[in-house]
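Visitor: I'd like to learn how to read strand pairing, burial and surface patches in a model. Could we go through them one by one?
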Amino acid sequence: MKVQFRIALRYLFARKSRAAVNVISLVSVAGIALATAALVVVMSVFNGFNSLIESRLSVLDPPLSAIPTHGKEFSSVDSLCNLLETLPEIDVARPVIEERALAVFGEHQMVVRLRGIPEDFYPQFAEICPVGFPWEDYHPRAQPAVVSVGVANRLELPVASEDVLLLYEPKRKGRMNPASPMSAFRIDSVAPSAVYIVNQQEVDADLVFAPFALVAKLLQYKNQATDIYIYPTGSVDAARSAAQNILGSHARVMTLNERQSATFQVVNIEKWVTFMLLGFILLIASFNVISSLSLLIIEKEPNAETLHSLGMSRSRIRSVYRIEGLLITAFGAIIGIVFGSLLSLGQQYFKWVKIAADASNVSVTAYPVEFHLIDLLPVTLLALAVGVVTSLIATRKI
């Protein structure tokens with residue numbers, strides 16, 4: 001095999017007698033390089049979008065959250081949070097309430113997901129609210145709330161004003177007067193202080209964030225919560241194991257990726273579907289390798305006959321051209337991987353390519369890119385597989 005490799009390497013760099021062979025070889029290398037570079041860049045872009053989505057969602061959801069496995073809410077939730085905070089793996093544990101409610105503003109109404117959060121979580125909303133000022137008091141008698149862009153659009157809410165949004169919740173306790181259907185509801189109001197947007201349909205559609213005490217009062221909760229948000233001191237896995245041991249079978253502790261699994265699955269599916277489409281383009285680009293090898297076989301036919309006369313078998317001569325095809329593919333793939341990696345790293349650190357929009361209206365001014373070394377593995381394997389297939393096709397009749 002060493003002899004065949006040396007012959008193939010010489011064929012790769014030696015000047016050909018016909019200029020067309022040199023041109024097609026260069027085109028083959030360039031096509032493989034461009035397709036491979038595109039694969040690396042696209043995968044890095046999807047990594048960037050995945051990290052961007054995770055950072056946005058982390059404002060709304062914590063690294064870890066616990067939900068009850070039996071029933072709808074935790075009881076004695078303050079004691080549970082205090083117990084969790086005694087663990088060295090956990091920094092903060094806070095109760096959160098989420099429930100469906102009817103939101104009414106003027107003639108508009110819709111069912112929303114009302115989420116009551118502690119004051120500790122208020123500051124983080126500033127980075128995702130392009131309209132208004134989160135948690136500012138705009139009304140003397142109504143507490144502030146942050147609404148999603150879907151709620152604001154559908155209800156036509158005037159944000160950061162003295163107008164209030166009415167919230168209706170069915171009574172959990174007490175009797176209903178048949179003569180007065182509205183007596184079956186508890187009613188409270190909030191003043192929308194800001195609108196958030198994270199560009200994800202699942203969380204942009206119907207969420208309203210309000211103070212925990214207000215939501216607890218509306219739902220007639222006393223030391224109860226539907227979720228416990230947990231922020232670890234270090235490793236998320238260590239904190240998850242510690243929290244699960246404390247809560248036992250009465251609760252399930254989930255990571256952010258598990259809580260928002262549908263969103264992250266969509267991004268991953270898009271990433272690998274795009275990878276397959278670009279892989280198909282790489283396969284088409286490799287047809288030039290077949291042409292290059294076919295011309296090379298014709299040009300080197302006298303050399304092949306000489307080698308055969310000297311005792312080299314037909315299978316070993318065939319392997320020379322197959323190695324040649326692999327070398328062309330590998331050379332192009334290496335150039336593409338290096339070029340694509342440099343482009344991705346340049347965009348990641350220097351933000352070369354900007355988003356065509358007014359910087360004051362967007363929170364991200366450059367396309368997000370995050371280069372992962374592990375992504376080079378599937379790209380390399382795909383390039384090698386394409387090289388093997390094209391080499392076998394080009395040399396099947398030798």
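Guide: Sure, and keep in mind that this is a predicted model. Let's start with a pairing: Ser65 stands opposite Met254 in E12.

Visitor: How many bridges join E1 to strand E12, and which way do they run?

Guide: Five bridges link E1 with E12 (residues 251-255), and the two run antiparallel.

Visitor: What is the bridge partner of Ser65 in E11?

Guide: That's Tyr229. E1 and E11 (residues 227-232) are antiparallel too, joined by three bridges.

Visitor: Why is E1 largely enclosed by the rest of the structure?

Guide: To judge burial, look at relative accessible area: under 20% counts as buried. In E1 (residues 64-68), four of the five residues are buried, so the strand is largely enclosed.

Visitor: Let's try a helix. Is Ser44 buried or exposed?

Guide: Ser44 sits in helix H2 (residues 19-60). Its relative accessible area is 1%, so Ser44 is buried.

Visitor: Which residues is Ser44 in contact with, leaving aside neighbours within four places in sequence?

Guide: Ser344, Pro368, Val369, Glu370 and Phe371. With Ser344 there's also a polar contact between the side chains, at 3.3 Å.

Visitor: And Leu345, where is that, and how does its accessibility count?

Guide: Leu345 belongs to helix H12. Its relative accessibility is 30%, so it counts as partly exposed.

Visitor: Which nonpolar patch does Leu345 help form on the surface?

Guide: One with about 940 Å² of accessible area together, whose members include Phe49, Phe339, Trp352 and Tyr367. Helix H12 (residues 314-350) supplies the largest share, five residues.

Conventions:
Residues are numbered from 1 along each chain as its sequence is written. This is a predicted model: local features need pLDDT of at least 70, side-chain atom pairs count only at pLDDT 80 or more; totals for chains, interfaces and linings use all residues. Side-chain values use heavy atoms; hydrogens and water are left out. Patches are made of residues with over 30% relative accessible area and no salt bridge: like charges are joined within 9 Å, nonpolar side chains (Val, Leu, Ile, Met, Phe, Trp, Tyr) within 5 Å. Accessible areas come from the Shrake-Rupley method with a 1.4 Å probe; for residues, only the protein chains shown count as cover. A salt bridge is a side-chain nitrogen of Lys or Arg within 4 Å of a carboxyl oxygen of Asp or Glu. Buried means under 20% relative accessible area, exposed over 50%, partly exposed in between (1.4 Å probe, protein chains only). A polar contact is a pair of N or O atoms within 3.5 Å; within protein, one must be able to donate a hydrogen and the other to accept it, and residues adjacent in sequence count only if both atoms are side-chain atoms. Contact means heavy atoms within 4.5 Å. Two strands pair if DSSP finds at least two bridges between them.
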